[in-house]
Amino acid sequence: MARITGIGGVFLRSQDSKALAKWYADHLGLTLTDFGGATFLWSDEVPAGTGMTTWSSFPANTTYFADGPQAAMINYRVDDLDELLAQLRAAGVQIVKGPDADDTGKFAWIMDPDENKLELWEPKAEEGTGA
């Protein structure tokens, strides 16, 4: 049987898509390409040995997403959650919660300018990777 093999893209609807892309570049470090989006290669995984993407469905009444009509939430892998949160706080970005930690790493939640709740995740380095 044919099957999906990973997440091929994340696409966000916005009233001002150029401004939203600029916000992601300015505050979350996305390197925008000529087409106005960003490309992540698996060779970019930080720390090494943590390359994975999770897919999950949630009940319609979940409180994990933001209030309102948000139908999806994106989890962004980050390389240094504490430093990124300090940068975001200094820039006035709304931090909803975190950092929290579990056996997979550290998490925090923020809001983008379109009121989408985002999850930030710093994966825990595998033992022996030196990361």
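In what pattern do the α and β elements follow one another along the sequence of this chain? In this predicted model, the order is α-β-α-β-β-β. Counted by type, that gives 2 helices and 4 strands. The chain has 131 residues, and 27% of them are buried. Contacts between residues at least 6 apart in sequence can also be sorted by how far along the chain they reach, and 53% of these join residues at least 24 apart.

The outside of the chain is a good place to begin. About 9,300 Å² is exposed, with carbon and sulfur atoms supplying 53% of that area. On this surface, Ile 7, Val 10, Leu 12 and Trp 55 make a nonpolar patch of about 430 Å². Trp 55 belongs to the loop that runs between α1 (residues 17-28) and β1 (residues 75-77). Is Trp 55 buried or exposed? Its relative accessible area is 64%, and exposed means over 50%, so Trp 55 is exposed.

The loop between α1 and β1 also holds Phe 58. With a relative accessibility of 40%, Phe 58 counts as partly exposed. Setting aside neighbours within four places in sequence, Phe 58 is in contact with Tyr 64 and Phe 65. From Phe 58 to Ala 72 there are 14 residues in sequence, and the C-alpha to C-alpha separation in space is 9.3 Å.

Attention now turns to the interior. In soluble globular proteins, nonpolar side chains tend to be buried together. In this chain, the largest nonpolar core has 15 residues, and the members with the most contacts inside it are Leu 85, Leu 88, Ile 110 and Leu 120. Two or more residues come from each of α1, α2 (81-90), β3 (105-111) and β4 (117-123). Which element gives the most to this core? The answer is α2, with 4 residues.

Leu 88 gives a closer view of these surroundings. Leaving out residues within four places in sequence, Leu 88 is in contact with His 27, Leu 28, Val 93, Ile 95, Ile 110 and Leu 120. Apart from the largest core, there is a second, separate core of 5 residues, among them Phe 65, Met 73, Phe 107 and Trp 121. Phe 65, a member of this second core, has already appeared as a contact of Phe 58.

A polar residue can be followed in the same way. Asn 116 is placed in the loop between β3 and β4. Is Asn 116 buried or exposed? Buried means under 20% relative accessible area, and Asn 116 has 18%, so it is buried. Not counting residues up to four places away in sequence, Asn 116 touches Gln 70, Ile 110 and Met 111. Of these, Ile 110 is one of the residues with the most contacts inside the largest core.

Charged residues complete the picture. Side chains of opposite charge can pair when their charged atoms come close. How many salt bridges does a search of the whole structure find? The search finds 4. One of them joins the side chains of Asp 26 and Lys 22, at 2.6 Å from N to O. Both residues lie in helix α1, 4 residues apart, which is about one turn of the helix. Each partner is partly exposed: Asp 26 has a relative accessibility of 48%, and Lys 22 has 47%.

Another salt bridge is formed by the side chains of Asp 82 and Lys 106, at 2.8 Å from N to O. This pair links distant parts of the chain, since Asp 82 is in helix α2 and Lys 106 is in strand β3, 24 residues apart. Asp 82 is partly exposed, at 39% relative accessibility, and Lys 106 is partly exposed as well, at 25%. Lys 106 also forms a salt bridge with Glu 122, where the closest N and O atoms are 3.7 Å apart. Glu 122 lies in strand β4 and Lys 106 in strand β3, so this pair ties together parts that are 16 residues apart in sequence. Glu 122 has a relative accessible area of 18% and is buried. Together, Asp 82, Lys 106 and Glu 122 are linked in a network of salt bridges.

Conventions
Residues are numbered from 1 along each chain as its sequence is written. This is a predicted model: local features need pLDDT of at least 70, side-chain atom pairs count only at pLDDT 80 or more; totals for chains, interfaces and linings use all residues. Side-chain values use heavy atoms; hydrogens and water are left out. Buried means under 20% relative accessible area, exposed over 50%, partly exposed in between (1.4 Å probe, protein chains only). Contact means heavy atoms within 4.5 Å. Accessible areas come from the Shrake-Rupley method with a 1.4 Å probe; for residues, only the protein chains shown count as cover. Patches are made of residues with over 30% relative accessible area and no salt bridge: like charges are joined within 9 Å, nonpolar side chains (Val, Leu, Ile, Met, Phe, Trp, Tyr) within 5 Å. A nonpolar core is a set of buried Ala, Val, Leu, Ile, Met, Phe, Trp, Tyr and Cys residues joined through side-chain atoms within 4.5 Å.
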